[in-house]
Amino acid sequence: MLTLRDPFADFPSLFSSRVHGTNGTADRWSPPLDIVEDDTTIHISMEVPGMSLSDLQVEVGSGVITISGEKKKSTIKAHRVESRSGKFVRALRLPKDANVDEIEADLSQGILTISIPRSIPKKTLIKIGEK
């Protein structure tokens, strides 16, 4: 008779105790994000699968953009749960040239995308006078 054995059973957890509590649930977590930019805009993409618009909030103030939310636990009986749940907050300092009045955020297919336009510096021509 063949006995099946989990080859990874003896390996330590890949996650440290500061991420997982003693009962295997997440004490703290934050969704992964990417920050990229082009010539005119900073783009933030955050993975938030299973979350809706009502679960998320984006705020800007004092040169900081704050993304917060809560991913609720499933209410059905689970045999194994590897996904994270609970509240999170991410705060990112904005560059001085961020145009905070034009920031846009969209949620599509589990990805929150925030576009932060950069202000285009205006050149001021100074007239040179004669004395």
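These questions and answers cover strands, salt bridges and one aromatic pair in a predicted model.

Me: In what order do the four strands of the open sheet stand?
Reply: The sheet is open, and its pairing is antiparallel. Neighbouring strands are turned by 15° against each other on average, direction ignored. The order is β1-β2-β7-β6.

Me: Which strands stand at the edges of this sheet?
Reply: An edge strand here has a single partner strand, so one side of it is left without a neighbour in the sheet. That applies to residues 33-37 and to residues 104-108. The edge strands are β1 and β6.

Me: How many bridges join β6 to β7?
Reply: Strand β7 covers residues 111-117 and runs antiparallel to β6. Ala105 stands opposite Ile114 in β7. Leu107 has Leu112 as its bridge partner in β7. The number of bridges joining β6 to β7 is five.

Me: Which residue in the turn of the β6 and β7 hairpin has a positive phi?
Reply: Two residues lie between β6 and β7 in this hairpin. One residue in the turn has a phi of about 50°. That residue is Gln109.

Me: Over how many bridges do β2 and β7 pair?
Reply: The two strands pair in the antiparallel sense. Ser45 stands opposite Thr113 in β7. The number of bridges is seven.

Me: Which residues make up the covered face of β7?
Reply: In a regular strand the side chains alternate between the two faces of the sheet. In β7, the uncovered face holds Ile111, Thr113, Ser115 and Pro117. The covered face holds Leu112, Ile114 and Ile116.

Me: Is Ser115 buried, exposed or partly exposed?
Reply: Ser115 is in strand β7, on the uncovered face. Buried would need under 20% relative accessible area, and exposed over 50%. Ser115 has 22% relative accessibility, so the residue counts as partly exposed.

Me: What separates the C-alpha atoms of Ser115 and Ile44?
Reply: The two residues are 71 residues apart along the chain. Ser115 also touches Thr41, Ile42, His43, Glu102, Ile103 and Glu104, not counting residues up to four places away in sequence. The C-alpha atoms of Ser115 and Ile44 are separated by 6.5 Å.

Me: How far apart are the closest N and O atoms of Arg118 and Glu37?
Reply: Arg118 lies in the segment after β7 and Glu37 in strand β1, so their salt bridge ties together parts that are 81 residues apart in sequence. Arg118 is partly exposed at 23% relative accessible area. Glu37 is exposed at 52%. Their closest N and O atoms are 2.3 Å apart.

Me: Which residues are linked with Asp97 in a network of salt bridges?
Reply: The count of salt bridges comes to four. One of the pairs is Arg118 with Glu37. Linked with Asp97 in the network are Glu37 and Arg118.

Me: Which residue forms a salt bridge with Asp55?
Reply: The closest N and O atoms of this pair are 3.2 Å apart. Asp55 lies in the loop between β2 and β3, and its partner in the loop between β4 and β5, so the bridge ties together parts that are 17 residues apart in sequence. Asp55 counts as buried at 16% relative accessibility, whereas the partner is exposed at 56%. The partner is Lys72.

Me: What distance separates the closest N and O atoms of Arg80 and Glu82?
Reply: The two residues form a salt bridge. Arg80 is exposed, with a relative accessible area of 68%. Glu82 is exposed too, at 59%. The closest N and O atoms are 2.6 Å apart.

Me: Which arrangement do the rings of Trp29 and Phe88 adopt?
Reply: The count of aromatic pairs comes to one. The centres of these rings are 5.4 Å apart, with 65° between the planes. Planes over 60 degrees apart count as edge-to-face. The arrangement is edge-to-face.

Me: How many residues apart are Trp29 and Phe88?
Reply: Trp29 is buried, with a relative accessible area of 15%. Phe88 counts as buried at 3%. Trp29 sits in the segment before β1 and Phe88 in strand β5, and the pair links distant parts of the chain. The residues are 59 residues apart.

Terms used: Residues are numbered from 1 along each chain as its sequence is written. This is a predicted model: local features need pLDDT of at least 70, side-chain atom pairs count only at pLDDT 80 or more; totals for chains, interfaces and linings use all residues. Side-chain values use heavy atoms; hydrogens and water are left out. Two strands pair if DSSP finds at least two bridges between them. Axes are lines fitted to C-alpha atoms, for helices over the stretch in contact, and angles run from 0 to 180 degrees between N-to-C directions. Buried means under 20% relative accessible area, exposed over 50%, partly exposed in between (1.4 Å probe, protein chains only). Contact means heavy atoms within 4.5 Å. A salt bridge is a side-chain nitrogen of Lys or Arg within 4 Å of a carboxyl oxygen of Asp or Glu. Rings of Phe, Tyr and Trp (its six-membered ring) pair if their centres lie within 6.5 Å; planes under 30 degrees apart count as stacked, over 60 as edge-to-face and the rest as tilted.
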